[in-house]
Amino acid sequence: MTAFDSDSDSDSGSDSHSGSDTPDAYDELLARVERLTHLGDAGGILAWDQQVTMPDGGAPARAKQQSALSGVLHDHLTDDELGDLLDELTTLDDDLSEDQRAVVRETRRDYEEEIRVPGDLVEEISETSSAAQRVWQEAKAEDDFGSFAPTLEEIRESHVERAEHVDPERDPYRVMFEGVDPDLTLATVEDVFTDLKDALVPLIEDLEAADPDLATLPDGEWDEETELALDRAALEELGYDFERGRLDTSPHPFTSGTQFDCRVTTWVKPTEPLNSLLATIHEYGHASYQLGLPRDRYGTPLGQARGEIHESQSRFWENHVARTRPFWEYFAPTLNDHLGTDLSPEAAYEAVNQVYPENLVRVEADELTYHLHIILRTEVEKQLVRGEIDVEEVPQVWNERMDEYLGVRPGTDTEGCLQDIHWTSGFAGFQSYTVGSVLAAQLDAAMREDLDQDVDELIREGEFDPLLAWMNEHVHRHGQRYPTDELIERATGEPLTAEYFVDYAREKFGELYGI
């Protein structure tokens, strides 16, 4: 399978690049924006290297390098001349194309937020975040929250200070949230959370009571080479372009890059190769978005992904492709060839779709309880950011909330509040995982209605290109042309709603569990 090529996916007649009728101020703005993008992408490579290949002793220097680069980015983004260009272009709005207005809109939003934040605080946050990654890794490995707590407090204080600079009159968590999800209101996300909690808690209870005899992967232990070969085979089947990417391992799976170079990582689970496989396919979804962005818009917002949309792509490929019965009718032979197992497609389908409320780790959670993990984390970090709990209380509050929502209590902080790396870089981002899952179901429904071909049959035959092409047409190629809420409506025909995910979950798991 080959990846869908988006090289020529720009909209004719709506060129964001220079032309004879383009205002000079726009040409100058575009040059500045492209430079900012290139500097940011260089920082992304440094961050990727830190988590994948950098030797342990390199952390202090890397923190300084990232801090210096953040300072340069801040200086460029808050330059008075950039503000003057934005003001001039606002008066010339009628002379700009739709794409040009989008570039101005996105740049202005970043400028107006960043101009309120002191440069030394930007550098401090960057250095602290970079150094915190190593502290977190060691604390997690040693099950020692106490060694991470001072760093977490430093991160909290600096991000609250930043939020107060952005808007001293407002709740710092809300300010942080809008920095992550500027086009989706906190009220919208909270409504989605409420709808999911109301639907999922009783559904999970019903599934537990049903207790069917579902198949599992046979007991065994597989080495890293075997698991990575299986993961690579899956990426090749899905169409990941290895000429523009690579597969590595890291303490926490992630994806980093651009439409020219987008790298995925996974982790190896010696007794749980299906966990590694699903994590890899999840990251493929992120990479499909990055690699599907228009290449001729690189350097501008029109060649950049919407952060709020990203998780919908990873959850679509993980859940609406790799957890489906048709996928295992296609992929089970490949799984068996690599692992030396003899699972039937139905057994493999059952193995990847069982609900395990007793599971403690978010990234290993099943498709339903996953969202209770997200709600838990979001609630804990809200309290932490707002000063309603102290850093030292995080493990206790975390464990109590886990017990309340999932009926299980972590025996270690490694399994509890230290399991995710995300707090090393800030707060108010966890909700994106659940928003992404909800949107993935909504996109899946729209795709199935829109495509002339049967989606299940395409998956069953290993024909993934039409699915990728649909996402490219309706999501990827637009970059940041439209605000998130508008992009969702354009792609699906309606605003974000939890309805499709709830219906999908009830139908899928009701059938699987016989309820």
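## Backbone outliers

In this predicted model, A428 is buried, with a relative accessible area of 0%. The residue lies in the loop that links helix 15 (394-406) to helix 16 (431-450). Although A428 is not a glycine, its phi is positive, at about 70°. Most residues other than glycine have a negative phi.

D143 is another non-glycine residue with a positive phi, here of about 50°. Its place is in the loop between helix 5 and helix 6. D143 counts as partly exposed because its relative accessibility is 35%, whereas A428 is buried.

## Aromatic pairs in helix 12

The count of aromatic pairs in the structure comes to 15. One of them joins F327 and F331, whose ring centres are 5.2 Å apart with 25° between the planes, a stacked arrangement. Both residues belong to helix 12 (residues 325-339), and because they are four residues apart there, about one helical turn separates them. F327 and F331 are both buried.

F331 also pairs with W328: the ring centres are 5.8 Å apart and the planes stand at 70°, so this pair is edge-to-face. W328 and F331 are three residues apart in helix 12, which is about one turn of the helix. W328 counts as buried because its relative accessibility is 0%, and F331 is buried with a relative accessible area of 0%.

These residues take part in one aromatic cluster, formed by Y284, F316, W317, F327, W328, Y330, F331 and F464.

## Charged groups over rings

Two arginine side chains place their charged ends over aromatic rings. The charged end of R263 sits over the ring of W48, at 4.4 Å from the ring centre. For R315, the ring is that of Y370, and the charged end lies 3.8 Å from its centre.

## Nonpolar cores

In soluble globular proteins, nonpolar side chains tend to be buried together. Here the largest nonpolar core has 129 residues, and those with the most contacts inside it are F145, W317, F327, W328, L368, L467 and F501. Helix 8 (residues 186-210) gives the most to this core, with 10 residues. Three of the names just listed, W317, F327 and W328, are also members of the aromatic cluster.

Beyond its neighbours within four places in sequence, W317 is in contact with L238, I281, Y284, G285, S288, A322, F464, L467 and L468. Among these partners, Y284 and F464 belong to the aromatic cluster, while L467 is listed with W317 among the residues that have the most contacts inside the largest core. A second, separate core has 17 residues, including A25, L29, L86 and V103.

## Helix 4 and its surroundings

Helix 4 (residues 98-114) has 17 residues, which at 1.5 Å a residue should span 24 Å; the C-alpha atoms at its ends are 24 Å apart, so the model agrees with the expected span. The buried residues of this helix are D99, Q100, A102, V103, V104, E106, T107, R108, Y111 and E114. One of them, V103, is also included in the second nonpolar core.

The cover over the buried residues of helix 4 includes helix 1 (24-52), helix 2 (59-77), helix 3 (80-91), helix 5 (119-142) and helix 6 (145-166).

## Contacts across the sequence

G44 is found in helix 1 and is partly exposed, with a relative accessible area of 22%. Along the chain, G44 and G257 are 213 residues apart, yet their C-alpha atoms are separated by 6.9 Å.

D219 lies in the loop between helix 8 and helix 9 (224-238). Its relative accessible area is 82%, and D219 is therefore exposed. D219 and E272 are 53 residues apart in sequence, with 8.9 Å between their C-alpha atoms.

## Cysteines

The structure holds zero disulfides. C262 counts as buried because its relative accessibility is 0%. C417 likewise counts as buried, at 5% relative accessibility.

Conventions
Residues numbered from 1 in each chain as written. Predicted model: local features only at pLDDT ≥ 70, side-chain atom pairs only at ≥ 80, totals over all residues. Heavy atoms only, no water. Phe/Tyr/Trp six-rings, centres within 6.5 Å; stacked < 30°, edge-to-face > 60°. Helix = DSSP H or I, 4+ residues; strand = E, 2+ residues; numbered from the N terminus. Buried < 20%, exposed > 50% of the residue type's maximum accessible area, 1.4 Å probe, protein only. Lys NZ or Arg CZ within 6 Å of the ring centre and 35° of its normal. Core = buried A, V, L, I, M, F, W, Y, C linked by side-chain atoms within 4.5 Å. Contact = heavy atoms within 4.5 Å. Disulfide = S-S within 2.5 Å. Expected span 1.5 Å × (residues − 1).
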